Amino acid sequence: MVQPENKATLQKILTYHVVPGAVTSSDISDGKVKTVEGQDVTLSTANGVTVNGAEVTTADVMATNGVVHLINQVLIPPGVD
């Protein structure tokens with residue numbers, strides 16, 4: 001169970017992995033995108049698709065509330081230790 005004192009940090013980390021809308025791989029272009037957490041992530045399509053350097057390993061998993069893209073690492077927002 002998440003300790004109450006860690007709840008806000010966990011929420012920041014989780015919402016840093018989410019962008020508004022249903023974004024498919026065909027919608028992705030190089031540049032910065034604002035997350036639900038409020039800070040930007042950087043997308044690159046130079047060698048496959050990466051998010052802040054994390055590789056997208058599976059793209060376009062359709063869900064009832066959007067589109068999921070699996071990445072190979074956890075993103076930690078700036079300011080979270």
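1. Contact here means heavy atoms within 4.5 Å. By that rule, V56 touches V49, V51, H69, L70 and I71, leaving aside residues up to four places away in sequence. The model is predicted, so please read each point below as a statement about a computed structure.

2. The nonpolar core. V56 is one of eight residues in the largest nonpolar core. The others are Y16, I28, V41, L43, V51, A54 and L75. Two elements, β2 (40-44) and β4 (54-63), each give two or more residues to this core. V51 appears twice in this picture: as a core member and as a contact of V56.

3. The loop glutamate. E37 sits in the loop between β1 (31-34) and β2. Is E37 buried or exposed? E37 counts as buried because its relative accessibility is 16%, and the cut-off for buried is under 20%.

4. Partners of E37. The side chains of E37 and K12 are joined by a polar contact of 2.8 Å. Not counting residues up to four places away in sequence, E37 touches K12, T15, Y16 and P77. Among these, Y16 also belongs to the largest nonpolar core.

5. The surface patch. V2, L10 and L14 make a nonpolar surface patch of about 250 Å². L10 lies in helix α1 (residues 7-15). With a relative accessible area of 34%, L10 is partly exposed, because that value falls between the 20% and 50% limits. L10 can therefore count towards a patch, which takes residues with over 30% relative accessible area.

Terms used. Residues are numbered from 1 along each chain as its sequence is written. This is a predicted model: local features need pLDDT of at least 70, side-chain atom pairs count only at pLDDT 80 or more; totals for chains, interfaces and linings use all residues. Side-chain values use heavy atoms; hydrogens and water are left out. A nonpolar core is a set of buried Ala, Val, Leu, Ile, Met, Phe, Trp, Tyr and Cys residues joined through side-chain atoms within 4.5 Å. Buried means under 20% relative accessible area, exposed over 50%, partly exposed in between (1.4 Å probe, protein chains only). Helices (H or I, at least four residues) and strands (E, at least two) are DSSP runs, numbered from the N terminus. Patches are made of residues with over 30% relative accessible area and no salt bridge: like charges are joined within 9 Å, nonpolar side chains (Val, Leu, Ile, Met, Phe, Trp, Tyr) within 5 Å. Accessible areas come from the Shrake-Rupley method with a 1.4 Å probe; for residues, only the protein chains shown count as cover. A salt bridge is a side-chain nitrogen of Lys or Arg within 4 Å of a carboxyl oxygen of Asp or Glu. A polar contact is a pair of N or O atoms within 3.5 Å; within protein, one must be able to donate a hydrogen and the other to accept it, and residues adjacent in sequence count only if both atoms are side-chain atoms.
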